[in-house]
Amino acid sequence: MQHSTLSRLCFLAAEEGFSSHSNKEIDFFSKKYDITLRLFSFYDNKGRKLGIETLNHAGLQLFAGLLYLRILLAIDQNASDIDQAKYINVCWKAFDNINLPDFLQTEPERLKYLQDKLFERLPAKNLQDKALSPYTVTNIKPVNWDGFKTLPIDVLFYEGPIARAYLETFYSLKCKSRRIHLIAERDLVSKKRVGRFMPSFFRHKYAAAVQSRKIHYWPQYLFLTQKKLCLEIFEHLQKILRIEQSTLWGLVDLKALYHYSDSVIPLPFTSLKDQKILDFINTQNFSIDLFGN
């Protein structure tokens, strides 16, 4: 018999602490909510939604309470800074999007305090144990041409921090791509077509703006609320990778795509996995394709 999401959450709430199974359960629901900002009423044993019915308001309030409880338990049990940061991130999403019950109304202030205390310890030295040893770039040949060079590259651009990093790096080397093909047809969360009643010439710009605002929400929020930490990270990256501060700031500024290419062409595709993209590429004469996501 398949248990509902609500019954599974109630079971978690009834436990005095989080067992190994409980942690797996809350991790499962957290990942689902982190991506889509909603939970469905039923999931199968492979984690796929069953139907389109979403969890009701009472269930979401219970879920928000469990997320907050997990943070308190994680701190009490000296969980890693990485896990605490992950839990706080998802909890903020729930607090920002769910009408909290009375017993949680004052907890956002406490959550902000816990987040600030965590950020005081970051970046932590013990995080290096989870990363490769840093490689320092020691020699970069300076760009010795005037103006910008147009590279024989067509960029299939799906809004995101990594895609922006590619473009900003090219720009820092005084290079632009030949064309940018913008994929911004669907809403990132609902997957529904954005602005379908708008004229096409305006719809693509509107869809791109909506997509950018949603996918860059947390980087922008972090930069606004933890600017000192972000600038320290920028300084470290500049030292290790020889990346100029102006390039790193460019990732935050979200410049118009015409800043990186003289030709920006909207494409009516849903994502980089859309089969029509491959068909489109096969009909073109691209010398080089770069996927930005």
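Me: Buried means under 20% relative accessible area, exposed means over 50%, and partly exposed is in between. So in this predicted model, is R70 buried or exposed?

Reply: The model is a predicted one, and the cut-off for burial is under 20%. R70 comes in at 3% relative accessibility. That value falls under the cut-off, so R70 counts as buried.

Me: Okay, let me step back for a second. How many helices and strands are there in the chain?

Reply: The chain has 293 residues, and buried ones make up 38% of them. It exposes about 17,800 Å², with carbon and sulfur atoms supplying 57% of that area. As for the elements, the chain contains 11 helices and four strands.

Me: What share of the contacts with a separation of 6 or more joins residues 24 or more positions apart?

Reply: Start with the contacts in the chain that have a separation of 6 or more. Then pick out the ones whose residues sit 24 or more positions apart. They account for 69%.

Me: Back to R70, then. Which residue does R70 meet in a salt bridge, and where does that partner lie?

Reply: The R70 side chain pairs up with D27, at 2.6 Å from N to O. The two are 43 residues apart, with R70 in helix 3, so this bridge links distant parts of the chain. Unlike buried R70, the partner is partly exposed, with a relative accessible area of 26%. The partner is D27, in helix 2.

Me: How many salt bridges does a search of the whole structure find, and how many disulfides are there?

Reply: Two cysteines worth a look are C10, partly exposed at 40% relative accessibility, and C91, buried at 0%. A disulfide needs a pair of cysteine sulfur atoms within 2.5 Å, and by that rule the count is zero. Salt bridges do turn up in the search of the whole structure. The counts are 13 salt bridges and zero disulfides.

Me: Which helix gives the largest share of the largest nonpolar core?

Reply: This core has 35 residues, and F63, F95 and L111 touch the most other members. The elements giving two or more residues are helix 1 (5–14), helix 2 (20–36), helix 3 (57–76), helix 4 (81–97) and helix 5 (107–120). The largest share is eight residues, and it comes from helix 3.

Me: F63 came up there. Which residues is F63 in contact with, leaving aside neighbours within four places in sequence?

Reply: F63 is one of the core members that touch the most others. Nonpolar side chains in soluble globular proteins tend to be buried together. With the neighbours within four places set aside, the contacts of F63 are L9, I26, F29, S30, Y33 and L39.

Me: How many residues are in the second, separate core?

Reply: This core is separate from the one with 35 residues. Among its members are I153, F157, A163 and C175. Its residue count is 12.

Me: What about K93: buried or exposed?

Reply: K93 lies in helix 4. Not counting residues up to four places away in sequence, K93 touches Y33, D34, L37 and W218. Its relative accessibility is 11%, and the cut-off is under 20%, so K93 counts as buried.

Me: D154 and R178 meet in a salt bridge too. Which further residue joins the two in one network?

Reply: The D154–R178 bridge is 2.4 Å from N to O. D154 lies in strand 1 (residues 149–157) and R178 in strand 2 (residues 175–183), so the pair ties together parts 24 residues apart in sequence. D154 is buried at 0%, while R178 is partly exposed at 26%. Through salt bridges that share partners, D154 and R178 are joined by R179.

Me: And what is the distance between the closest N and O atoms in the salt bridge of E120 and K117?

Reply: Both residues are in helix 5, three residues apart, so about one helical turn separates them. E120 is exposed at 61%, and K117 is partly exposed at 36%. Their closest N and O atoms are apart by 3.9 Å.

Me: Why do I277, F280 and I281 lie on the same side of helix 11?

Reply: These three residues are buried in helix 11 (residues 275–282). What puts them on the same side is the arc they cover around the axis, which is only 100 degrees.

Key:
Residues numbered from 1 in each chain as written. Predicted model: local features only at pLDDT ≥ 70, side-chain atom pairs only at ≥ 80, totals over all residues. Heavy atoms only, no water. Buried < 20%, exposed > 50% of the residue type's maximum accessible area, 1.4 Å probe, protein only. Arc of directions from axis to C-beta. Core = buried A, V, L, I, M, F, W, Y, C linked by side-chain atoms within 4.5 Å. Contact = heavy atoms within 4.5 Å. Areas by Shrake-Rupley, 256 points an atom, 1.4 Å probe, with all protein chains shown as cover. Salt bridge = Lys/Arg side-chain N within 4 Å of Asp/Glu carboxyl O.
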